[in-house]
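Okay, thanks everyone for coming. I'll put the structure up and just talk through it.

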Amino acid sequence: MSYEMIGITVLWIFLYGYLIVASVDFGAGFYAYYAKITKKDHVMNQLISRYLSPVWEVTNVFFVFFFVGVVGFFPDTAHYYGTALLVPGSIAIILLAIRGSFYAFENYGSKKSNVYMFLYGATGLLIPASLSMALTLSEGGFIVEENGVVSLKYFKLFTNPYSWSVVFLAIVSVLFISATFLTFYAARANDRPALTLVRKYALFWSVPTIIASLTAFIALSQHNQRHYEAMLDLWWMFGLSVGFFLIAMALLYQGKHYGLAFISVMFQFFFAFFGYGAGHLPYILDPYITITEGATHQSMGFALIVAFIAGLCLLIPSLILLMRLFLFDADYVKGKR
Amino acid sequence: MMNVDPVLMSRLITTMTLGFHIIFATLGVGIPLMISIAEFIGVKKKDPHYRMLARRWARGFVITVAVGVVTGTAIGLQLSLVWPEFMQVAGNVISLPLFMEVFAFFFEAIFLGMYLYTWDRFKKPFTHWLLSLPVVIGGGLSAIFITTVNAFMNTPEGFTMANGAFAAVNPITAMFNPATPSKVFHVLTSAYVTCAAILAAISAFMMLRKKASDYHKKALKLTVTVTFIFASLTAIAGDLSAKFLAEHQSEKLAAAEWHFETEKGADLIMFGWLDEQNEPRYEFRFPKLLSFLAHSDFNSEVTGLEEFPEEVRPPLWIHYMFDLMTAIGIFLLAVSMLYLILSKVKKWNEHNKGLLILIFLSGPLAFLAIEFGWILAEEGRQPWIIRGYMTVEEAATSSPYIGLMFWLFLGLYIVLGTLCTVTLRKMFRSNPAEEELEKLYPTIEKGDDS
Ligand code: HDD
Ligand code: HEM
Ligand code: HEM
């Protein structure tokens, strides 16, 4: 494999990682707020905060990793995306900043505030919506370069069915992934009332997830024929994705093996996400940046890959330790520690 | 508002974000060290006071980390959003340290999560202390990596130029450019001294308000001692930084020192102002000291600003930044030394009001020194963003919306700064150390005057 191929694969894996862990986090924020306004917070919020408190900062690093890595491996992205995304990117930063810091103020500060809770819940849906825009832009047609000046066509973006279908897909996926994870976590904690509630959410959001995926798929065919056809060639990946979705549904429905159900959901998104990504290649930004032409110098590419491998040797044991302490330690999950 | 110069707005937005982030980044580098030291002493001596110190500092730290993380994410994205041309060109050479920095964050974040939520989970308290080490190391490494990037911008190396683009890139040479050693040393020591000083200031403040308890006395002793150690190291590192400048970036030193003509045995000038002929007035003059600062020799030759063409001279007002930083450095050293001397002699009282006030002042002053130091370093590189290769003007975004973004971020930082302060105050007000000590360790006597 060429170094730029390794580079994009690594980045895509991390973006996938962010998709999963951040969805859990974003969705949890929304559910926490929803539980509060429907007066069910006593059932759920203990559960959510026990999981989220130790890991929210780790979630954020996944994202930082992705954008630092993209600019590292493909510096041309800075020129195009950097210029075009100044406004939407800044708004996303502000939403992330509000979310991260208010979580800390609310949780570790002594006061419980409704405003914080509201912002925490609302940003949980707005952030995925705004971040998913970056994927829409990569399809081309929205970022244009005229006489050397890069600009973003806002009107076109906001009137395009494809961009809205992606936003819709992002939001429902977040709610679905998060609910399946919380179901698993509640089952581990042996928290019956919370389990009943979050399992209901998981079942509820499953159908919209599939509808949204199909809609986005069809909208893509109207917007970027090349990408659409490349994805059709990879039909088996999407088939596997649907297969895992069905397994997850069956398990959730029967009310057993929630851990397995969550893993199936992870696979469902894994195959869909990688099918989408593989079809996207060789473009990072259609038609301006391809992975071969936009890549950094070979020496830097190798250095980044070496750093990456060394970094993983450090991170994987640490992550395992973290999960053993907070995710798989039954006493901790149950709130006994 | 839309027609403001985008370059000016880009500079302002970066100045603002970095000026804000650096406060929390400095805390993120230094506070873990202080927590770790306190917990270590507490475990070693089986002294609950020190362990309580570590706990309370850690609790406040969670809040500042959160702000550090979100502002850091902001600056990380802004580098590409505000300086797209810079990142496109320099990204080829500096992305290695930026990438490694993310791993350092990862490492730090993971262990910080573990450290904060496992106070009483291990049988041996020592095990918990071990978890603090990766946090200290992770914070230090992130400072080191990002500082190599900044060093590169000052003395770029590790590439050749071909057709206006960087070629034959060697990321390792780029990281270990001539500015790296002195800069890394100075940034680390100054972060540690600042954190020790701010914690000392908090203890001094508590002792000024209430009767001094054992808890606060121990806190003060520990923090001022650490302040003294790192203030000395910071001064040494600052001296090395000046020697580095004299050799590799002499226009910065010359501008900071108002040293216009190349001469032997140059005087060090502090404060004062310039008249029409660019002659310093009402300045403090230290004969031949600049030569010593630059080359460790009172009679050596120091390059003056006249040797550089007008358009690449940094602004002269950075002189004040340099002077204020050094003055604060000397103040920190003097105050912490005075405290240590007073505490060594039995019949002198190191807790007298005057000294406590000075210690209290050293915290905020240290933060000012950090800001002044960075302004000196960044403004002293003007007009370059990559010295000798790319100017700030060429690097900035062409987007017309940058002015609007400035106000948006200004609003964000005001909100974050305010809420962070309010939350921290509430946290400690509603839960004084003495009460918490009694609750957690009912066996120890209440911290009276002893
Ligand atoms: C507590 C903070 C603090 C204190 C007391 C000092 N400094 Fe400093 N200084 C910094 C914090 C700092 C810094 C924030 O860490 C800087 C900004 C950029 C850098 O590399 O370090 C810096 C930069 C900096 C530079 C510019 C380096 C460059 O641009 O490459 C010089 C020459 C000095 N310092 C010299 C000194 C001297 C002679 C001091 C006398 C005691 C001193 N500093 C105290
Ligand atoms: C151009 C300059 C800088 C960039 C791009 C940058 C980037 C970042 C990013 C992306 C984060 C958030 C990481 C996360 O998600 O955990 C962060 C936090 C942090 N930064 Fe910066 N940073 C810069 C300057 C500095 C400097 C100069 C220092 C140290 C002297 C520093 C030290 C830290 C630390 C310690 C944190 C972790 C937050 C904490 O633990 O408090 N950064 N920075
Ligand atoms: C990739 C790294 C960096 C980039 C691209 C960068 C870029 C810039 C630019 C363009 C400015 C505006 C200068 C001016 O026009 O006045 C600036 C200012 C500043 N930077 Fe850097 N910088 C970097 C690293 C750092 C680091 C690591 C720090 C440490 C915190 C830092 C601290 C500052 C500060 C405090 C200012 C304000 C100085 C002033 O008043 O102008 N920078 N930076």
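So, Gln46(A): buried, exposed, or in between? Gln46(A) comes out as partly exposed, because its relative accessible area is 48%, and the cut-off for calling a residue exposed is over 50%. This is a predicted model, by the way, so take that number as computed from predicted coordinates. Gln46(A) sits in helix H2 of chain A, which runs over residues 41-73. If you look for Ala32(A), that residue is 14 positions away from Gln46(A) in sequence, and the two C-alphas are 9.6 Å apart.

While we're on chain A, a word on confidence. The mean pLDDT for chain A is 80, with 91% of its residues at 70 or more. Going by elements of that chain, helix H7(A), residues 161-189, has the highest mean at 86, and helix H13(A), residues 330-333, has the lowest at 62. Where pLDDT is low, you shouldn't read the predicted coordinates in detail.

Okay, over to chain B and the iron in ligand 1. Which protein atoms coordinate that iron? They're NE2 of His186(B) and SD of Met325(B), at 2.1 to 2.5 Å. The iron has six donor atoms, the angles among them go from 81 to 178°, and the site is octahedral. For reference, ideal octahedral angles are 90 or 180 degrees.

Those two protein ligands come from distant parts of the chain: His186(B) is in helix H7(B), residues 180-209, and Met325(B) is in helix H11(B), residues 318-344, with the two positions 139 residues apart. Both His186(B) and Met325(B) are buried.

Now the surroundings of ligand 1. There are 26 residues around it, and the closest include Lys183(B), Ser190(B) and Lys252(B), along with the two iron ligands His186(B) and Met325(B). On polar pairs, a side-chain N or O of Lys252(B) is 2.6 Å from an oxygen of ligand 1, and for Ser190(B) the distance to a ligand oxygen is 3.0 Å. His186(B) also has a polar side-chain atom 2.7 Å from a nitrogen of ligand 1. The elements giving two or more residues to this shell are H7, H8 (214-248), H11 and H12 (353-379), all helices of chain B. H8(B) gives the largest share, eight residues. By class you get 14 nonpolar, nine polar and three charged.

Ligand 2 has an iron as well. How many donors does the protein give that one? A single one: NE2 of His21(B), 2.1 Å away. His21(B) is in helix H1(B), residues 6-45.

Last one, ligand 3. It has 19 residues around it, and the nearest are Arg11(B), Leu18(B), Trp83(B), Glu378(B) and Glu379(B). The two glutamates both make polar pairs: the side chain of Glu378(B) has an N or O atom 2.9 Å from a nitrogen of ligand 3, and a polar side-chain atom of Glu379(B) is 2.6 Å from an oxygen of the ligand. H1, H5 (132-154) and H12 of chain B each give two or more residues to this shell, with the largest share, five residues, from H1(B). By class, that shell splits into eleven nonpolar, four polar and four charged residues.

That's my tour, happy to go back to any of it.

Terms used: Residues are numbered from 1 along each chain as its sequence is written. Chains are lettered from A and ligands numbered from 1 in the order in which they are written. Side-chain values use heavy atoms; hydrogens and water are left out. Donors are N, O and S atoms within 2.8 Å of the metal (3.2 Å for Na, K and Ca); water is not among the atoms, so sites may look incomplete. Four donors count as tetrahedral if all angles lie between 85 and 135 degrees; four count as square planar and six as octahedral if opposite donors are over 155 degrees apart and all others between 65 and 115; anything else is irregular. Helices (H or I, at least four residues) and strands (E, at least two) are DSSP runs, numbered from the N terminus. Buried means under 20% relative accessible area, exposed over 50%, partly exposed in between (1.4 Å probe, protein chains only). A residue is near a molecule or strand if one of its heavy atoms lies within 4 Å of it. A polar contact is a pair of N or O atoms within 3.5 Å; within protein, one must be able to donate a hydrogen and the other to accept it, and residues adjacent in sequence count only if both atoms are side-chain atoms. Ala, Val, Leu, Ile, Met, Phe, Trp, Tyr, Cys and Pro count as nonpolar, Asp, Glu, Lys and Arg as charged, and the others, Gly among them, as polar. pLDDT is the predictor's confidence in each residue, from 0 to 100.
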